[in-house]
Each structure stands twice: as C-alpha cells, then as structure tokens.
Amino acid sequence: MLTKQQIRYCLDEIANMFPNAHCELIHRNPFELLIAVVLSAQCTDALVNKVTKQLFEKYKTPEDYVSVSLEELQQDIRSIGLYRNKAKNIQQLCRILIEQYGGNVPQSRDELMKLPGVGRKTANVVVSVAFGVPAIAVDTHVERVSKRLGICRWKDSVLEVEETLMRKIPKEEWSMTHHRLIFFGRYHCKAQSPKCDACPLLHLCREGKKRMKGKM
C-alpha cells in the first residue's frame, strides 16, 4: 500500500497529466446531468452524448419525459444499453421530481439515491458536478486505478474504495481528483493495454511493475 507521501506524489503527477479533467457528459443544467448519468450506466460517455444531443432538444423538463409513452422514450434511447430499464427509471424518477421536488433535482446525495436508477456513484456525480459538493464517485476507472496503484486493496468493495479515497485525499480535492482519476484510467491506465512503459508512476505502481517484468 502506498504511503501518504507516495499518494500525494501520484495525485500531483496525475494532475500534471490531466490538468483540465472534467465531467465529459454534455449537459446544461442539473436535470440534464441527472438524465445523462442514469443513461451512462454500463455505457460510454461518448455514446450517451451522441444520444442526448437529440434527446435534450426533445425533452427539456421532467414533464416532457412523462408526457410521452414508455415505448416512445425507449425508441429515443434505443442505441444505449439497457434502454428499456433506463427509460422506465427515467419516467419514474421524473414523476417523483414533479410530485415531491417541484420538478427540481434534489441537492442531497441521500435524496438522489431514493430515485429509480440512481445509485451512490450517480448521486455522487450529480452533487459534485451540478452542486459543487465535495464527493468521489467510484466508477470502473477510479476503482481500477486506485487498486492498481495500491491506494486501496484489491479486495475492497466499491464503497470501501470510496471511503479509503475520502480518508486519504483532502476533502477540498475530492471532486477534482475524481475527474483526474477517471481521465487517467480512461486515457492512460486503461483496462486493456495500460501505458505502463510511459507512466510517471511506474516506480510506485505494483501492477505496473508486475506487467513490465521481463519487458524492461
């Protein structure tokens, strides 16, 4: 496991590599972000952005989503994985937003997690990106990078990864670190063919050293 100083070094190096890391889901307001994040489950941000380009022109409010049939909404997001389930969740969460929140997106993670299709990761993304609340959303990239580097243990659950990162990273850096870890995992420390040979963290990375064994 990395020491506090080694973690600081890793975070600083990743910050140098991806100084402009940000949420890549295109949205204009908290409601569009919520819909985009729900659609992004087990799906790439690039595909979601492709679909929401037209979707967000057709549907602008929760009322718009519940005014059409479930079948019509399914057709509008058909190219996205699990589209049937996601369409059902979107209509249900829109009804709840209308009935319980005056059509607005709640700003609390706990309230967000009560909505259909919204898990802890989704809620963390929304409170962090839309409302500026410090949070670390653990997606596959964040989990992979944290475990490969040795910030977290291989056996840690997603929640344990989140709690460990929150403990080891200053609170004011949570949201930015979340985006940087995603960029690092998406564009550098990929699931397949990570760029270990060109990684400034190789000398600290247990997984990288194992992968490079015999190649150096």
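Okay, quick bit of vocabulary before anything else: when I say helix here, I mean a DSSP run of H or I with at least four residues, and the numbering goes from the N terminus. So α2 is residues 30-39, and α11 is residues 174-187. And keep in mind that this is a predicted model.

Let's do the domains. The domain assignment splits the chain into domain 1, which is 4-21 plus 137-211, and domain 2, which is 30-131. Their centres, taken over C-alpha atoms, sit 28 Å apart. As for how they touch, nine residues of domain 1 are in contact with eight residues of domain 2.

Now the pocket, which I guess is what you folks came for. The largest one has a volume of about 750 Å³. There are 35 residues in its lining, and the ones nearest the centre are Ser40, Ala41, Cys43, Lys121 and Asp139. Where does the lining come from, in terms of domains? Both: domain 1 and domain 2 each put in at least three residues.

Helix by helix, you get at least two lining residues from each of α2, α3 (45-58), α6 (83-101), α8 (120-131), α9 (140-149) and α11. Which helix gives the largest share? That's α11, with five residues. If you're thinking about the chemistry of that lining, the breakdown is 14 nonpolar, 13 polar and eight charged.

Since α11 came up, let's look at its neighbours. One is α1, residues 4-17: the two axes come within 10 Å and cross at roughly 70°. That crossing makes α1 roughly perpendicular to α11. On the α1 side the contact uses Leu11, Ile14, Ala15 and Met17, and on the α11 side Thr177, Arg180, Leu181 and Phe184. Sort those by class and you have six nonpolar, one polar and one charged.

Then there's α9. Its axis and that of α11 come within 8 Å, crossing at roughly 80°, so this pair is roughly perpendicular too. From α9 you have His141, Val142, Arg144, Val145 and Ser146, and they meet His178, Leu181, Ile182, Phe184, Gly185 and Arg186 of α11. The class count for this contact is five nonpolar, four polar and two charged.

Hang on to Phe184, by the way. It's in the α1 contact, it's in the α9 contact, and it turns up again by the cavity.

So, last stop, the cavity. How many of 30 Å³ or more does a search of the whole structure find? Just one. There's about 90 Å³ of space in it. Its lining has 13 residues, and nearest the centre you'll find Phe184 together with Cys189, Cys196, Cys199 and Cys205. By class, that lining is nine nonpolar, two polar and two charged.

That's my tour, so over to you.

Notes. Residues numbered from 1 in each chain as written. Predicted model: local features only at pLDDT ≥ 70, side-chain atom pairs only at ≥ 80, totals over all residues. Heavy atoms only, no water. 1 Å grid on protein atoms, 1.4 Å probe; cavity = no way out; pocket = protein on both sides within 12 Å on 5 of 7 lines; lining within 4 Å. Points joined across faces, edges and corners; volume = space filled by probe spheres on them. Nonpolar A, V, L, I, M, F, W, Y, C, P; charged D, E, K, R; others polar. Domains from an automatic or database assignment. Axes fitted to C-alpha atoms, helices over the stretch in contact; angles between N-to-C directions. Parallel < 35°, antiparallel > 145°, perpendicular 65-115°, else oblique. Contact = heavy atoms within 4.5 Å.
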